[in-house]
Amino acid sequence: MRALVVSLLLLAASATAAFAQVTGPSGHPSFDPDVIYQVPRGGSPTEGPADAPVTIVVWSDYACGHCNRVQPTLDQLARLYPGKLRFVHRALPLDADNTIAAEAALAAAAQGAFRPMHDRLYALRGNVDRPAVELIARQLDLDLARFRADLDTRAGAAAIAADVADARALGVSGTPTFFVDGRVVHGNQPLSVFAGAVDDGLARAAALAPSHPADLYDALVATGHPHADAPPDATNPETELDINQAYRVGLGLPGHQLGAVGAPVTIVEWSDFACPYCAQEAPVIRHAYEKHSQDVRVVYRHMPLHRDSNLAAEAAVAAGAQGKFWAFHDALFANFGHLTRDDLEAAAKTAGVDLAPFRAALDDRRYRDVVEADAADGSALGVDGTPTTFVDGHPINGAMDDATFDKMITGEIERAHGAMKAGVEAADLYALEMSSAIGSERADPSAIPSATAMHMEPTADDRERAVLAACRGRETARARSLARGLDGARRERVVSACSASGVDL
């Protein structure tokens with residue numbers, strides 16, 4: 001299963017496979033991912049705050065399969081950066097004579113229903129005609145007479161023509177093409193590529209903020225290149241994890257840690273209760289922990305890649321809220337392949353979970369956002385399949401046998417003991433490793449420990465993310481405490497996002 005998932009993800013990440021040609025012959029100039037371009041926003045529908053620090057302009061088409069497949073990635077991106085992104089949706093039809101979907105989207109936007117129409121049009125997978133869009137309009141309870149009139153009079157035709165003209169002037173020739181504050185992302189790329197571009201945009205926006213430009217986006221792209229000027233094969237770099245590199249990885253959700261808090265070696269695994277390779281890996285990690293329990297702690301993080309494993313992950317978080325995560329984890333993997341609601345409740349009973357609050361949490365999907373943020377954080381880091389394990393920040397792809405994993409853990413323990421003999425406290429080893437690691441912990445930076453010998457005040461970005469993580473977990477007291485260090489736009493964003501989670505700051 002992992003091989004299939006990885007193969008599909010690699011295919012999606014391929015620039016040639018993830019980009020639908022619209023106009024012009026092959027060999028036309030492309031966009032350099034390291035260059036900023038002057039990308040016009042036009043008058044197209046937008047999503048997100050008008051004052052968001054990052055603006056993403058996308059040219060796409062509802063008949064484009066790659067545009068369809070990238071939508072879940074964009075949803076994950078928005079979840080990682082709540083209140084920080086503004087999307088501008090521009091049309092570039094694959095068939096210039098068939099614009100019914102784009103016109104329907106604009107007609108719905110005129111009635112304040114762009115996003116629900118947008119989602120339903122993609123769900124049709126290119127099979128869009130007049131009866132189909134009218135049916136959607138009825139389902140969305142739009143003013144049908146007004147909607148039909150907009151289609152009859154081609155009210156959106158001029159806007160679509162303007163989108164196409166701007167695309168041609170800029171040199172956009174395929175869909176989807178994204179510009180993150182003027183920086184290109186070619187096609188259906190992994191979340192890690194989008195997150196890297198957003199982080200770059202946030203840094204540039206923060207550097208420009210003291211000058212208080214009237215329009216932040218215009219100021220960010222004002223000195224950019226006016227059109228495509230890179231070689232035709234320019235594309236975004238691949239983002240494979242490097243086993244020789246340490247990555248900045250947090251310690252996951254409450255109750256998801258096994259072993260001593262100050263253990264010198266930390267194992268963090270992104271896993272899925274429906275993944276057979278994860279089921280194969282679970283006893284390997286358990287064996288390593290039991291053999292080295294004085295030196296190792298294990299952290300489980302969620303990446304449900306299968307349709308029937310999302311609720312299982314939420315159930316595990318609900319069990320964790322009662323201090324029963326690992327017992328529930330073991331019960332699920334011991335009965336692998338059984339993930340119906342009845343199966344989850346049976347596993348909870350086996351694990352000694354109080355069923356009343358457990359059932360209530362599943363009924364209201366209380367931990368859905370928590371699980372989705374955990375998975376999105378892994379994807380943004382470069383995790384593209386399960387299991388993916390990090391040993392003191394160093395990645396291991398796929399399942400391993402006991403002997404291979406034990407050899408690796410033993411070597412890491414010896415290295416840790418050498419540092420301890422040199423005077424480093426065991427409890428500080430992971431914090432020090434993370435201080436020089438690359439990447440970002442985007443789900444909850446406060447889950448990365450600080451060294452006991454020093455106090456490091458979190459950055460404003462990290463504090464904002466930590467507040468949002470606390471709100472997702474309904475930790476009101478922690479969220480309020482962390483939020484005291486935020487003001488201005490950052491505080492406004494977390495107040496709004498936390499309110500949606502039922503937390504009043």
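**Figure 1. Strand 9 is largely enclosed by the rest of the structure, because seven of its seven residues (265–271) are buried.** The model shown here and in the other views is predicted. Burial holds for both faces of strand 9. One side carries Val265, Ile267, Glu269 and Ser271, and the other carries Thr266, Val268 and Trp270. In a regular strand, side chains alternate between the two faces of the sheet.

**Figure 2. Strand 9 pairs with strand 10 in the parallel sense and with strand 11 in the antiparallel sense.** Seven bridges connect strand 9 to strand 10 (residues 296–302). Within this parallel pair, Ile267 stands opposite Val298 of strand 10. Strand 11 (residues 388–391) is joined to strand 9 by four bridges. Here Glu269 has Thr389 of strand 11 as its bridge partner. Ile267 and Glu269 are both on one side of strand 9, and both are buried. Helix 11 (residues 276–291) completes a β-α-β unit with strand 9 and strand 10, and this unit is right-handed.

**Figure 3. The open sheet that contains strand 9 has five strands in the order 8-10-9-11-12.** Its pairing is mixed. Strand 8 (257–258) and strand 12 (394–397) are the edge strands, each pairing on one side only. Strand 9 stands between strand 10 and strand 11 in this order. The parallel partner of strand 9 is strand 10, and the antiparallel partner is strand 11.

**Figure 4. A second open sheet has five strands in the order 2-4-3-6-7.** The pairing in this sheet is also mixed. Strand 2 (46–47) and strand 7 (183–186) each have a single partner strand, so one side of each is left without a neighbour in the sheet. Strand 3 (residues 54–60) and strand 4 (residues 85–91) run parallel and are joined by seven bridges. In this pair, Ser60 has Ala91 of strand 4 as its bridge partner.

**Figure 5. Cys471 and Cys498 form a disulfide.** A search of the whole structure finds one disulfide. The two sulfur atoms are 1.9 Å apart. The torsion about the S-S bond is about 90 degrees, so this disulfide is right-handed. The pair links distant parts of the chain, 27 residues apart: Cys471 belongs to helix 19 (residues 460–472) and Cys498 to helix 21 (residues 488–500). Cys471 counts as buried because its relative accessibility is 1%, and Cys498 counts as buried at 0%. Two other cysteines can be set beside this pair. Cys64 is buried, with a relative accessibility of 2%, and Cys275 is buried at 1%.

**Figure 6. Helix 15 (residues 355–363) has buried residues on one side and exposed residues on the other.** Leu355, Phe358, Ala361 and Leu362 are buried. These residues lie on the same side of helix 15 because they cover an arc of only 125 degrees around the axis. Ala356 and Asp363, on the other side, are exposed. The packing partners of the buried residues are helix 12 (310–320), helix 13 (325–334) and helix 14 (341–350). At the N-terminal end, helix 15 is capped by Asp354. A side-chain oxygen of Asp354 lies 3.3 Å from the backbone nitrogen of Ala356. Arg365 follows helix 15 and has a positive phi, near 50 degrees.

**Figure 7. Asp402, in helix 17 (residues 402–421), is in contact with Pro283, Val284 and His287.** These contacts leave aside the neighbours of Asp402 within four places in sequence. Asp402 and Val284 are 118 residues apart along the chain, yet their C-alpha atoms are separated by 5.4 Å. With a relative accessibility of 36%, Asp402 counts as partly exposed. Helix 11, which spans residues 276–291, is also part of the β-α-β unit with strand 9 and strand 10.

Terms used:
Residues are numbered from 1 along each chain as its sequence is written. This is a predicted model: local features need pLDDT of at least 70, side-chain atom pairs count only at pLDDT 80 or more; totals for chains, interfaces and linings use all residues. Side-chain values use heavy atoms; hydrogens and water are left out. A disulfide is a pair of cysteine sulfur atoms within 2.5 Å. Helices (H or I, at least four residues) and strands (E, at least two) are DSSP runs, numbered from the N terminus. Buried means under 20% relative accessible area, exposed over 50%, partly exposed in between (1.4 Å probe, protein chains only). Two strands pair if DSSP finds at least two bridges between them. A crossover is right-handed if, with the strands pointing away from the viewer, the path from the first strand over the helix to the second runs clockwise. Contact means heavy atoms within 4.5 Å. The arc is that of the directions from the helix axis to the C-beta atoms. A polar contact is a pair of N or O atoms within 3.5 Å; within protein, one must be able to donate a hydrogen and the other to accept it, and residues adjacent in sequence count only if both atoms are side-chain atoms.
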